[in-house]
Amino acid sequence: MSTLLAAAKVQWHTSIRAPEHLLVLATAPLYTLIFLSVFRDTDRPDLVANAVIGTGLLGIWFVAVNVAGGVIQNERWMSTLELVIVAPRPLALIMCGRILPVMLIGSLALGESWLMAVVAFGIDLPVQHPVLALVILLVTLAASACTATMLAALFVMSRNTEMVQAALSYPFYVLGGLVFPLSSLPNEVEFLGRFFYLSWAADLLRDSVTRSTVDHAWERIATVAGMGTVALFIGVLLLRKVSDRARTTGSVSLA
């Protein structure tokens with residue numbers, strides 16, 4: 001726990017001084033403005049919740065991908081990545097600790113999107129199930145941190161983190177059904193999207209906001225948590241393999 005908290009403290013002080021980590025707070029209101037304008041002009045008020053919630057989840061995924069890659073890239077630039085990898089504490093614990101506090105920054109994008117809908121468009125979007133929505137958001141943040149830990153392992157093994165970050169951004173906005181529900185997309189995309197935890201989280205959050213009853217809520221929450229757990233397990237295994245290889249060969253990349 002002390003290692004986790006120490007890593008979280010380091011990343012928190014780093015992120016609040018890093019403009020790229022706070023960029024999502026500047027872009028989230030703009031995305032909300034664009035999406036809400038489109039839905040208003042096309043007379044689709046039923047998609048208002050999609051625009052607000054989707055933009056918030058987009059911010060969370062943006063932070064997960066960019067911070068996971070940014071942590072590795074910064075350590076590589078400062079020539080300290082090898083020291084972090086061979087440290088006596090598990091690398092997965094350090095990475096997870098550094099990612100967790102930044103998830104809180106990403107979650108602020110959801111509040112900004114909501115505020116933009118109220119202030120700029122005068123939209124009243126009450127939450128039908130506030131407690132359930134809070135539980136879903138917390139589970140989603142935890143699953144995002146676990147998935148980002150797995151991504152950190154991929155970034156360690158890759159020499160071109162920018163290319164990997166780009167590949168993990170926009171395609172997953174679609175696979176997550178963040179703005180347009182998967183049910184409105186081609187069957188092939190919907191099938192693939194169901195293997196991505198954010199598609200389940202997006203549907204759950206939308207239902208908790210707009211529906212009077214949320215069907216199979218806890219089973220669906222368990223699905224999000226389960227996908228996050230699997231991602232964390234894979235990340236731990238990969239990071240352990242990277243650490244073991246670094247200790248025996250002096251090579252960070254597995255390539």
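1. In this predicted model, the side chains of Arg 220 and Asp 207 form a salt bridge, with N and O 2.8 Å apart. The pair links distant parts of the chain. Arg 220 lies in helix α11, residues 217-249. Asp 207 belongs to helix α10, residues 197-210. The two residues are 13 apart along the chain. Both Arg 220 and Asp 207 are buried.

2. Asp 207 also meets a second arginine. Its side chain pairs with that of Arg 211 in a salt bridge, at 3.0 Å from N to O. How accessible is each partner here, Arg 211 and Asp 207? Asp 207 has a relative accessible area of 13%, so it counts as buried, the cut-off being under 20%. Arg 211 is at 49% and therefore counts as partly exposed, since exposed requires over 50%.

3. Next, the pair Arg 194 and Asp 203. A salt bridge joins these two, and their closest N and O atoms are 2.9 Å apart. Arg 194 has 26% relative accessible area, so it is partly exposed. Asp 203 is at 17% and therefore counts as buried. Side chains of opposite charge can pair when their charged atoms come close.

4. How many salt bridges does a search of the whole structure find? The search finds four. Among them are Arg 220 with Asp 207, Arg 211 with Asp 207, and Arg 194 with Asp 203.

5. A network deserves a look, beginning again from the buried pair. Arg 220 and Asp 207 are both buried. Elsewhere, Arg 194, Asp 203 and Arg 206 are joined into one network by salt bridges that share partners.

6. Now the helix packing. Helix α1 spans residues 2-15 and helix α5 spans residues 91-121. Their axes come within 7 Å. The crossing angle is roughly 45 degrees. α1 and α5 are therefore oblique to each other. The crossing of α1 past α5 is right-handed.

7. Which residues make the contact between α1 and α5? From α1 come Thr 3, Leu 4, Ala 7, Ala 8, Val 10, Gln 11, Trp 12 and Ser 15. They meet Leu 93, Ile 94, Cys 96, Gly 97, Arg 98, Leu 100, Pro 101, Val 102 and Ile 105 in α5. By class, this contact of α1 with α5 has 12 nonpolar, four polar and one charged residues. Arg counts as charged and Gly as polar, so Arg 98 and Gly 97 in α5 fall into those two classes.

Definitions and conventions:
Residues are numbered from 1 along each chain as its sequence is written. This is a predicted model: local features need pLDDT of at least 70, side-chain atom pairs count only at pLDDT 80 or more; totals for chains, interfaces and linings use all residues. Side-chain values use heavy atoms; hydrogens and water are left out. Axes are lines fitted to C-alpha atoms, for helices over the stretch in contact, and angles run from 0 to 180 degrees between N-to-C directions. Helices (H or I, at least four residues) and strands (E, at least two) are DSSP runs, numbered from the N terminus. Angles under 35 degrees count as roughly parallel, over 145 as roughly antiparallel, 65 to 115 as roughly perpendicular and the rest as oblique. A crossing is left-handed if the near helix is turned anticlockwise from the far one by less than a right angle, and right-handed if clockwise. Contact means heavy atoms within 4.5 Å. Buried means under 20% relative accessible area, exposed over 50%, partly exposed in between (1.4 Å probe, protein chains only).
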